[in-house]
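Hello, and welcome! Let's explore this structure together through a few questions and answers.

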Amino acid sequence: MKLVIFVLNKEEYLNEVLEAFVELGISGATVIDSVGMGRILAHDIPIFAGFRNLLQESRPGNKTILTAVEDDKVELILQTLERMIGSFDEPGNGIFMSLPLDMVKGIHQF
């Protein structure tokens, strides 16, 4: 199994993303409100206040989605997300990664 970690910068796509997960047979995911490091530095740490001008067009937050899936679903998830929100090679679309899992407990199929 793999842990898919997806940082969705465009929060307006959240419902579509979750619907696509269901269509792909993903029965569960955890959605976490998150904020990028640059935004925190620019707004909360005075020495980095100069970054505020660079971040004015950026979004205030994002959603981080975690889900454990079978190995063969990772590429299909990636392709589906890129069709929906655009390539992850383009800035501002988000971040996608997967990590191998050596043990998973507590996941129940619905």
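Q: Is Phe96 buried or exposed, and what is its relative accessible area?
A: A residue counts as buried under 20% relative accessible area, as exposed over 50%, and as partly exposed in between, using a 1.4 Å probe and protein chains only. Phe96 falls under the first of these cut-offs, so Phe96 is buried, with a relative accessible area of 19%.

Q: What kind of model is this, and how are its residues numbered?
A: Side-chain values use heavy atoms, without hydrogens and water, and this is a predicted model, where local features need pLDDT of at least 70, side-chain atom pairs count only at pLDDT 80 or more, and totals for chains, interfaces and linings use all residues. Along each chain, as its sequence is written, residues are numbered from 1.

Q: How are the rings of Phe88 and Phe96 arranged?
A: Rings of Phe, Tyr and Trp (its six-membered ring) pair if their centres lie within 6.5 Å; planes under 30 degrees apart are stacked, over 60 edge-to-face, and the rest tilted. Phe88 is buried too, with a relative accessible area of 16%. The centres of the Phe88 and Phe96 rings are 5.8 Å apart and their planes stand at 35 degrees, so the pair is tilted.

Q: How many aromatic pairs are there, and what is the arrangement of Phe6 and Phe88?
A: The count comes to 2 aromatic pairs. For Phe6 and Phe88, the ring centres are 5.7 Å apart with planes at 85 degrees, so this pair is edge-to-face.

Q: How far apart in sequence are the parts that Phe6 and Phe88 tie together?
A: Helices (H or I, at least four residues) and strands (E, at least two) are DSSP runs, numbered from the N terminus. Phe6 lies in strand β1, while Phe88 sits in the loop between α4 and β4, so the pair links parts of the chain separated by 82 residues.

Q: In what order do the strands of the sheet stand?
A: Two strands pair if DSSP finds at least two bridges between them. Strand β1 (residues 2-8) and strand β3 (residues 62-69), for example, pair in the antiparallel sense over 7 bridges. The open sheet has 4 strands with antiparallel pairing, in the order β2-β3-β1-β4.

Q: Why is one side of β2 and of β4 left without a neighbour in the sheet?
A: Strands of a sheet pair through backbone hydrogen bonds. β2 (30-34) and β4 (94-100) stand at the edges, so each has a single partner strand.

Q: Which element gives the most residues to the largest nonpolar core?
A: A nonpolar core is a set of buried Ala, Val, Leu, Ile, Met, Phe, Trp, Tyr and Cys residues joined through side-chain atoms within 4.5 Å. The largest one has 19 residues, and Phe6, Phe21, Phe88 and Phe96 are among those with the most contacts inside it. β1, α1, β3 and α4 each supply at least two of its residues. The top contributor, with 6 residues, is α4.

Q: Which residues of α1 are buried, and against which elements do they pack?
A: In α1, the buried residues are Leu14, Val17, Ala20 and Phe21. They span an arc (taken from the directions from the helix axis to the C-beta atoms) of only 125 degrees, which puts them on the same side of α1. With contact meaning heavy atoms within 4.5 Å, the buried residues of α1 pack against β1, β2, β3 and α4.
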